[in-house]
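Dear colleague,

Please find below the structure that I am handing over to you, together with its sequence. I should be grateful if you would read the notes beneath it with the model open.

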Amino acid sequence: MTEKRYDIVFLGGGPAGYVGAIRAAQLGLTTACIEKSSTLGGTCLNIGCIPSKALLDSSERFAEARQSLKTHGILVDDVRLDLPAMMRRKEKIVAQLTKGIAFLFKKNKIDAITGEAQLQGNGQVRVVGEQTVTVAADRIVIATGSTAATLPNVPFVKDRIGSSTEALSYPAVPPRLVVIGAGAIGIELGSVWRRLGSEVTILEYMDRILPGADEEIAKHGQRVFKKQGIVFELSAQVSGARVTGDECTVAFNDKEIQADQVLVAVGRSPNTSGLNLEGAGVQTNPRGFITVDDNYQTSVPSICAVGDVIGGPLLAHKASEEAVACVEKIATGTGHVDYDTLPGVVYTDPEVAQVGKTEAALKQANIPYRKGTFSFRGIGRSLAMGKIDGLVKILAHATTDRVLGVHIIGPHAGDLITEAATAMALGASSEDMARTWHAHPTLSEAVKEAALDVNNRAIHA
Ligand code: NAI
């Protein structure tokens with residue numbers, strides 16, 4: 001058993017751990033990152049954001065070739081699917097990105113250690129891998145992420161009932177796919193397989209889809225996704241699932257539904273098993289997420305935690321920013337994450353994006369607001385693209401006009417939302433957004449028009 005000493009050691013090599021490690025090395029700290037998988041990048045790069053976006057893009061092109069290219073005057077006969085080739089493309093992208101992180105680690109002189117980390121107390125971490133090693137560090141940052149949550153009576157059954165990990169690699173298009181949960185994962189992966197030909201039914205416990213999204217936007221989304229052929233069963237209380245031969249049966253309310261594959265997408269749980277948190281004195285909340293203070297410090301002063309493992313929105317960019325702020329606080333004394341302007345995006349077609357407060361949250365907090373909306377139907381570029389479904393909604397304070405929330409469903413909403421996040425981070429008013437240049441013809445004109453509409457002066461409404 002060898003021992004090596006570092007200024008800082010990260011447990012987990014996902015968007016929190018690997019980004020934090022790079023920032024630490026930039027700030028002159030001797031750094032190691034312990035990752036149990038053979039590749040760096042965590043859930044996001046290996047079995048989350050990146051492979052799902054690869055499949056979303058590929059499946060969108062397939063659906064376009066089959067359905068909408070003809071509206072552009074492009075006739076394509078005999079469109080067929082080569083699923084193994086689509087999967088190979090996805091895997092190539094993942095490999096390229098994960099190798100990229102290994103390269104960045106070498107460039108920044110960060111030691112990547114492969115194995116499972118276990119806290120030993122006294123600043124020591126045991127790593128069980130091909131060899132067992134112990135590393136010591138002045139600071140330890142837990143960035144071990146999250147795993148798919150499960151439901152009590154819905155056991156995962158190999159090849160039939162599983163999580164997003166399996167749904168990113170089904171060997172064939174399932175004729176019938178049942179998704180449990182209408183959150184980001186359920187709708188994104190439901191969309192992928194719907195476009196590739198599956199009959200998709202999404203069972204959702206609540207009476208609406210996309211929890212956390214503005215209700216008006218979520219309702220609009222539900223209408224569009226329904227038009228694309230996704231069947232929603234809302235207020236569905238799933239009581240169990242079983243597999244008989246090749247067929248799955250899911251029971252909900254007083255009904256049963258049959259499927260070839262079942263995707264369980266009901267949220268995620270913190271990844272803390274095997275870390276020896278209790279032994280090391282690191283406290284968790286009742287849901288198992290590690291509790292931290294404003295400096296991301298746990299109940300043990302030399303141990304910090306960032307990313308999914310501390311809860312909040314389980315988003316890769318949130319994890320990365322927390323890791324950077326945590327390291328900067330350690331190395332320089334200051335670091336900051338502005339949670340009020342944290343954007344979220346669901347990569348469906350159309351995309352759904354948001355930043356700041358929803359209308360319901362403003363009402364609940366008794367904050368007076370004015371609202372401006374604008375439909376992509378009124379935007380020349382949208383018409384030219386053939387992507388007219390959706391709207392931009394801007395919520396601004398009724399007296400100060402400060403922008404409090406922006407919600408978009410529409411083409412490239414995930415890119416358009418950055419303007420809103422920047423504006424909000426700089427404390428902009430809707431007037432500021434309305435008077436900012438927006439090139440013509442671009443989709444961003446919908447943002448300008450919605451900002452104008454806050455004061456009832458949209459031009460093309
Ligand atoms: P989620 O929390 O977004 O949605 C889960 C849904 O399942 C909720 O609507 C919930 O009401 C429903 N649900 C819970 N129990 C149920 C039951 N027994 N029966 C039926 N429905 C039930 O979780 P999801 O979609 O699994 O995603 C996990 C995390 O990953 C989320 O925090 C999400 O934000 C993040 N993520 C973000 C993405 C993005 O930013 N594009 C993409 C994928 C995931």
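The notes below go through selected strands, a helix pair, the cysteines and one loop residue.

Please bear in mind throughout that this is a predicted model.

I begin with strand β22, which spans residues 403–410. Of its 8 residues, 8 are buried, so the strand is largely enclosed by the rest of the structure. Two pairings of this strand are worth following. With strand β19 (residues 351–356), β22 forms an antiparallel pair over 6 bridges. With strand β21 (residues 391–397), β22 is likewise paired in the antiparallel sense, over 6 bridges. Residue I409 is a convenient place to look at both pairings: I409 is the bridge partner of V352, and L391 stands opposite I409. Strands β21 and β22 also make up a hairpin with 5 residues between the strands. Within that hairpin, D401 takes a positive phi near 70 degrees.

A second piece of β structure is an open sheet of 3 strands, in the order β12-β13-β14, with antiparallel pairing. Its edge strands are β12 (238–244) and β14 (255–259), each of which pairs on one side only. On average, and with direction ignored, neighbouring strands in this sheet are turned by 20 degrees against each other. Between β12 and strand β13 (residues 247–252) there are 6 bridges, and the two run antiparallel. One of the residue pairs to inspect here is T244, whose bridge partner in β13 is E247.

Turning to the helices, two packed helices are described by the angle between their axes and the distance between the axes. For helix α3 (residues 49–68) and helix α4 (residues 83–107), the angle is about 145 degrees and the axes lie 9 Å apart. The crossing of α3 past α4 is right-handed. On the α3 side, the contact involves I50, P51, A54, L55, S58 and S59; on the α4 side, it involves M86, M87, R89, K90, I93, V94 and L97. Sorted by character, the residues of this contact comprise 9 nonpolar, 2 polar and 2 charged.

The cysteines deserve a separate word. How many disulfides does a search of the whole structure find? The search returns 0. C33, accordingly, is in no disulfide, and the nearest cysteine sulfur, that of C326, is 13 Å away. C33 is buried, its relative accessible area being 0%. C49 presents another case: its sulfur is 3.0 Å from the closest cysteine sulfur, in C44. Why is there no bond between C49 and C44? A disulfide is counted here for sulfur atoms within 2.5 Å, and the 3.0 Å between C49 and C44 is therefore too far for a bond. With 28% relative accessibility, C49 counts as partly exposed.

Finally, I draw your attention to T341, in the loop between α9 (316–332) and β18 (344–346). Is this residue, T341, buried or exposed? T341 has a relative accessible area of 13%; buried means under 20%, so T341 is buried. Leaving aside residues up to four places away in sequence, T341 touches V355, A421, M424 and A425. T341 and T422 are 81 residues apart in sequence, while their C-alpha atoms are 8.0 Å apart in space.

With kind regards

Terms used:
Residues numbered from 1 in each chain as written. Predicted model: local features only at pLDDT ≥ 70, side-chain atom pairs only at ≥ 80, totals over all residues. Heavy atoms only, no water. Buried < 20%, exposed > 50% of the residue type's maximum accessible area, 1.4 Å probe, protein only. Helix = DSSP H or I, 4+ residues; strand = E, 2+ residues; numbered from the N terminus. Pairing = 2+ DSSP bridges. Axes fitted to C-alpha atoms, helices over the stretch in contact; angles between N-to-C directions. Left-handed = near helix turned anticlockwise from the far one by under 90°. Contact = heavy atoms within 4.5 Å. Nonpolar A, V, L, I, M, F, W, Y, C, P; charged D, E, K, R; others polar.
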